[in-house]
Amino acid sequence: MLDARTSQVVTAGDGRSVVCDRPSVAGSVTQRACSFCGARVVLYPIGDALHLVHGPAGCAAYTWDIRGSLSSGSQLHRLSFNTDIRENEVIFGGEKKLQRALRELVAQHRPKAAFVYATCLTGVIGDDVEAVCRGATAELGIPVIPVQSEGFRGTKKHGYSAACQALAQLIGTGDTTGISRLSINILGDFNIAGEIWAIKAYFAAMGIKVVASMTGDGRIDDIRRAHGATLNVVQCAGSMTSLAKLMKETYGIPFVQVSFFGLEDCAAALYEVAAHFGDAEVLARTRALVRAETASVLPELARLRQDLEGKVAALYVGGAFKAFSLVKALRQLGMRVAMAGTQTGAPQDYEHLKELCDGGTILADDTNPLELAGWLADCDVDLFIGGVKERPVAYKLGVGFCDHNHERKIGLAGFSGMAAFAREVHATVMSPVWRLVPRHQFRVSSSEFRDAKKESMP
Amino acid sequence: MSLGLETQNSKMKNRRSGKAAATNTCRVCAPLGAVLAFRGIRGCVPLVHGSQGCATYIRRYLISHFREPMDVASTSFTESSTIFGGRSNLAEALANLTRAYHPEVVGVCTTCLAETIGEDTPGMLRDLARRPDLAPTLFVATPSFKGCQHRGFHDAVAAILAQTAQGGTRLRQLNLLAGPVSPADLRHLRELVDALGLPTILFPDYSETLDGPSLASYAPIPAGGISLEELARAGRSALTIQLGAVLEPGPGEVLSERHGVPLTRLGLPIGVTATDALVAALAAAAGVPIPDALTAERGRLVDAYVDGHKYLAGQRVAIVGDPDLAAALAGFCAEIGLTPVLVGSGAVTGRLAAALGQLGAGSAEVIEDADHECIGARITALRPDLILGPSKSYPTARALGIPLLRVGFPVHDRIGAGRLLHLGYRGTQRLFDELVNTLLANAQDTSETGYAYL
């Protein structure tokens, strides 16, 4: 491990604290991305907005329809729009091209709003994106919102707050009449494989209305009236807490931080929301819902657990709340977590993670392929949970893998999502292919050798 | 300084109909091409000089295609490096990479950001080369606003050869510059030259680094690739063969201009005619007759052409991809009686139409500097029977119910992209069988009777 990284890795129980929240070490092959990425992932699922990347083609190509965020209506978010900045604009500026692009695209697609993402290139050539957006808002009759997401401004975390700033410009501009007191906004669910639909169904059963979901299956008009909700329910705390704080300051809307991953956390989330409203009927309905939903998945979990008991997992995910939920969900499946890390965890997150994990668990902030590969081998891991960038590290070493990032196409949130998660874990951990990989072959062949010896001896 | 691509290309027919915006771009960025080229050098770690998102996105895009580890480092620019320059980031990154990866060489390429703030990256690397504690470097400038992955790849190959190849007495050996082909293609080319007993510097060679075996312990740098020693000898080869009908001038010029290595330009060997040309050139260079096994492979291919020809007659095809691959595929289609009606590429070469004319596919409509929206619109209008293209053509294919045969890069919705063989008699055989069978399957699936005997 690089000297510069040693303070970012601890072992639960060793008394040290994870140093985090700092820029990645140059040359460390960080798994983190840039501000642009952070802003793009947060705003992407808004289906009826135009998402225009103001920069070179690559930034747009890499974010074209790669995520599993579903929309119940407009599919505009699945197209990739780009000002395709070339040498000419680098010399003479890209504002005119941006203006033309906005005119063309708004006329063609009639979006409810447009987000214009600044990139490194348009940041350094000095384009006044804000001014172009102001002009376009006046000219085109829809909100055209600049997103200050130049890649060099920071890591993904900076991009999250840039996205929150952009959303804040929309909130408060819609009519809130008719919104029930029993109402919430959901922040930080991105409707991967329809997850928000499952969660909305739970709230509907509890008798709670969802005003705006930000941003999974999100709609501009809903976001504009989000300030009419009674409570903000924040799932992906890392990305959306800053918006929740802003809404608390501006509109006095309180917020709760929850996770819908895993039975325990999902039930806790629903109860916490119910408790907030202090409504006996809501609470009774929530109890009935949690009881029924839990009962519907427990038999399957118990069956899968028989095979998974004692297996070892490692996880490296974006945000800390997902890590907490995964440690608990894996425990429910009888599995032990040997290593857990996040890209964007804060000091208090790692303290909580330490309490949650067994002693000896390795905790890492902003890790990289070499460190991960070392831990997967040293801890003799059966399962690794991460994103597409981590997948080949696991697969190359013959380790099972589950994608828990935005590119997955399987819904893992909610009670039914926990069952899907368990099935996926089981499918990879129990595959017969691992018997053939070099990591296990020695073990297999030596035991077969012993068996063969036994047979040959009278 | 050039007038800029926009001005130049607005005169070109069909270019996105003069739109300012690109919708579903057909290009990725230049450093991605450079990273791919660096992966073809033994012991090399790529380092992208700029914001870390560039490296991360490139990794993700390449991983989704090759499904292999893709350790690409970044100098992780911050706001202050953007203002004051990335010199210290570059030094720190090199030091950390040297320590963690023990590379034989670090392949440094730039980003839009580094290129726009006026960073003298080659100058900084020259200064850092004096430090004995740092790995040596190779450098290529890859501003994406000047070209896409295609250009980044060839610029990197040219830059690497310029920085490594040395002159000297001629050796009985060949340089084979294959272009951004698949690992399976590279393995097949290696097999061909080996069969002819022709010592060959095949570059870049990521046939192993990007399609490697399952491992017991992680290889920080995957095994394989061409060594710096071999690259140094590239200036002494008797001949360079550069593949790519559109590519011009191309990296082979570096070796001809600097070291007097004669250069033969050939199209990618897809189809009998194109493969014949390569095999003849290789056999001539080796001074040996064409091996019987190869002649037999060719014979089987022609025999298959005969078996399949009727299923192709009158069928029309649209081709999408990197210009050299698209041109070679169009030539192959013309050879077997398919009519290429559209060839679309995100790259800007200005030579694609001419290359198609020479390959017997001159009647095809050509769109360079295309995005998938405009290609999709032309495919909708032309209604071909088949699309040959990358995964990114799938939305169009699905919307129109036209079968898509996945070729080239990227293939993000199937496994085994690295094992897609396109080149030689054998690659053509695979393509031909799959192509005929795709058309047969489509006709069968959409027919009322659904015969199981065709």
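Begin with chain B and select two of its domains, domain 1 and domain 2, whose centres, taken over C-alpha atoms, are 23 Å apart. In full, chain B is divided into domain 1 (14-162), domain 2 (166-286) and domain 3 (292-445), with bounds that come from an automatic or database domain assignment. This is a predicted model, in which local features need pLDDT of at least 70 and side-chain atom pairs count only at pLDDT 80 or more, while totals for chains, interfaces and linings use all residues. Residues are numbered from 1 along each chain as its sequence is written, and chains are lettered from A and ligands numbered from 1 in the order in which they are written.

**Between domains 1 and 2 of chain B**

Stay with this pair and look at where the two domains meet: 25 residues of domain 1 of chain B are in contact with 25 residues of domain 2 of chain B, contact being counted when the C-beta atoms of two residues, placed from the backbone, lie within 7 Å. On the domain 1 side, select α2 (30-38), β2 (44-49) and α8 (149-164) of chain B, each of which supplies at least two residues that touch domain 2; helices (H or I, at least four residues) and strands (E, at least two) are DSSP runs numbered from the N terminus. Of these elements, α8(B) provides the largest share of that side, 7 residues. Sorted by class, the domain 1 side holds 16 nonpolar, 4 polar and 5 charged residues, where Ala, Val, Leu, Ile, Met, Phe, Trp, Tyr, Cys and Pro count as nonpolar, Asp, Glu, Lys and Arg as charged, and the others, Gly among them, as polar.

**The parallel sheet of chain B**

Next, select the five strands of chain B that form an open sheet with parallel pairing, in the order β12-β11-β10-β13-β14; two strands pair if DSSP finds at least two bridges between them. At the edges stand β12 (365-367) and β14 (404-406) of chain B, each with a single partner strand, so one side of each has no neighbour in the sheet. From one strand to the next, the twist averages 20°. Within the sheet, β10 (residues 316-320) and β13 (residues 386-389) of chain B pair in the parallel sense over 3 bridges, and here I319(B) can be found opposite L388(B) in β13(B).

Now add helix α16 (residues 372-382) of chain B, which lies across β10, β11 (339-344), β12 and β13 of chain B and runs at about 160° to β11(B); axes are lines fitted to C-alpha atoms, for helices over the stretch in contact, and angles run from 0 to 180 degrees between N-to-C directions.

From there, move to L435(B), which lies in helix α18 (residues 424-445) of chain B. L435(B) counts as buried because it has 26 C-beta neighbours inside 10 Å; a residue is buried if 20 or more other C-beta atoms lie within 10 Å of its own, exposed if 12 or fewer, and partly exposed in between, with C-beta atoms placed from the backbone.

**Where the chains meet**

Show both chains together, and 61 residues of chain B are in contact with 60 residues of chain A. On the chain B side, the elements giving two or more residues are α1 (5-9), β1 (22-23), α3 (52-66), α4 (79-84), α5 (87-101) and α6 (112-116) of chain B. The most comes from α3(B), with 9 residues, and by class this side has 27 nonpolar, 22 polar and 12 charged residues. Strand pairing also crosses between the chains, since β3 (residues 81-82) of chain A and β1(B) pair in the antiparallel sense over 2 bridges; select F81(A) to find its bridge partner, T23(B).

**Into chain A**

Chain A is divided into domain 1 (3-19 + 297-439), domain 2 (35-169) and domain 3 (183-292). The centres of domain 2 and domain 3 of chain A are separated by 27 Å, taken over C-alpha atoms, and 20 residues of domain 2 are in contact with 20 residues of domain 3.

Finish with strand β6 (residues 183-189) of chain A, which is mostly covered, 6 of its 7 residues being buried. Strand β6(A) runs parallel to β7 (residues 209-215) of chain A and is joined to it by 5 bridges, with V210(A) as the bridge partner of I184(A). Strand β6(A) also runs parallel to β8 (residues 231-234) of chain A, through 4 bridges, and there I186(A) stands opposite V233(A).
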